[in-house]
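Biologist: Please pick out a single part of this model and go through it closely, setting it in its surroundings as you do.

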Amino acid sequence: MKTMKNYMKYLVGFFAITAMLLTGCDKNEPGANGPSVTWTDTDGTTTYDFSKRYKSDEVEILVKATTKNAFTGFTVDIISASLTNEVLQPFGLGTHLDLVNPGATATALETFGFVTGTGITSSASVSFNISGMMTMLSAFPGDCDFKLTVTDGDGTTVKTVKLNVVAPK
C-alpha cells in the first residue's frame, strides 16, 4: 500500500505539472492572447504538438509557461477513465487541480514538486520536467488527458496534453 501511495503521489505531481506547463498559446512568446506554453523533450530539440496524442513511453515532458506580466490562474483537469476522483482523493488530490488557489490540495501538490500559490503568481515563467513520472503513470493505462487552463492579464490559454498511457511490459 505504501508503494502505491508513493506511486500516486508522483502521478498526481505529473498531472499538476503537466497542466501548469502545457496550457497556453501555440506561439513561443506571451502576448495579447494570454500566456505562452511549450512542450519539449528534456534537451529542447523536439517540440511536441498539443493537437496530437502521444504514447507515454515515447515522449519526454518538459513544459514551460511564460507570461509578460503575472499568472492569475492555473488549473489542470485530468480527463481519464482510470484516474478518477475516487482514485486520487486518498492522496489529497482530485481531477480538478487549482495551482494558484490549491486549498486542501496544496500539501499534496507541493509534495510532488509543484509550485503553488504565490510561487506561480509571482513568477513570469514556470518550468517542469515530468518525464520521470511516466513509469508511475503506466499503472493507469489508456487515454489520459491533462487540460491546462492558464490565465494572465492578457487572456486565457487552454491546452491539452494528450497521452495514451502504455502499461508496463
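Modeller: Two strands are said to pair if DSSP finds at least two bridges between them, where strands (E, at least two residues) and helices (H or I, at least four) are DSSP runs numbered from the N terminus. The model is a predicted one, in which local features need pLDDT of at least 70 and side-chain atom pairs count only at pLDDT 80 or more, while totals for chains, interfaces and linings use all residues. Residues are numbered from 1 along each chain as its sequence is written, and side-chain values use heavy atoms, with hydrogens and water left out.

The part I would choose is β4, which spans 71-80. The chain as a whole has five helices and eight strands, and five strands form an open sheet of mixed pairing, in the order β2-β8-β7-β4-β5. Its edge strands, each paired on one side only, are β2 (53-55) and β5 (96-98). Neighbouring strands of the sheet are turned against each other by 20 degrees on average, direction ignored; the axes behind this value are lines fitted to C-alpha atoms, for helices over the stretch in contact, and angles run from 0 to 180 degrees between N-to-C directions.

Within that order β4 lies between β7 and β5. It runs antiparallel to β7, to which nine bridges join it: I78 stands opposite F146, and S80 has C144 as its bridge partner. Towards β5 the pairing is again antiparallel, with three bridges, and here T75 is partnered by D98.

Because seven of the 10 residues of β4 are buried, the strand is largely enclosed by the rest of the structure; buried means under 20% relative accessible area, exposed over 50% and partly exposed in between, with a 1.4 Å probe and protein chains only. By that criterion, 51% of the 169 residues of the chain count as buried.

β4 is also among the elements that give two or more residues to the largest nonpolar core, a nonpolar core being a set of buried Ala, Val, Leu, Ile, Met, Phe, Trp, Tyr and Cys residues joined through side-chain atoms within 4.5 Å. This core has 39 residues, and those with the most contacts inside it are W39, I61, F74, I78 and L163. I78, then, is both the residue opposite F146 and one of those with the most contacts in the core. In soluble globular proteins, nonpolar side chains tend to be buried together.
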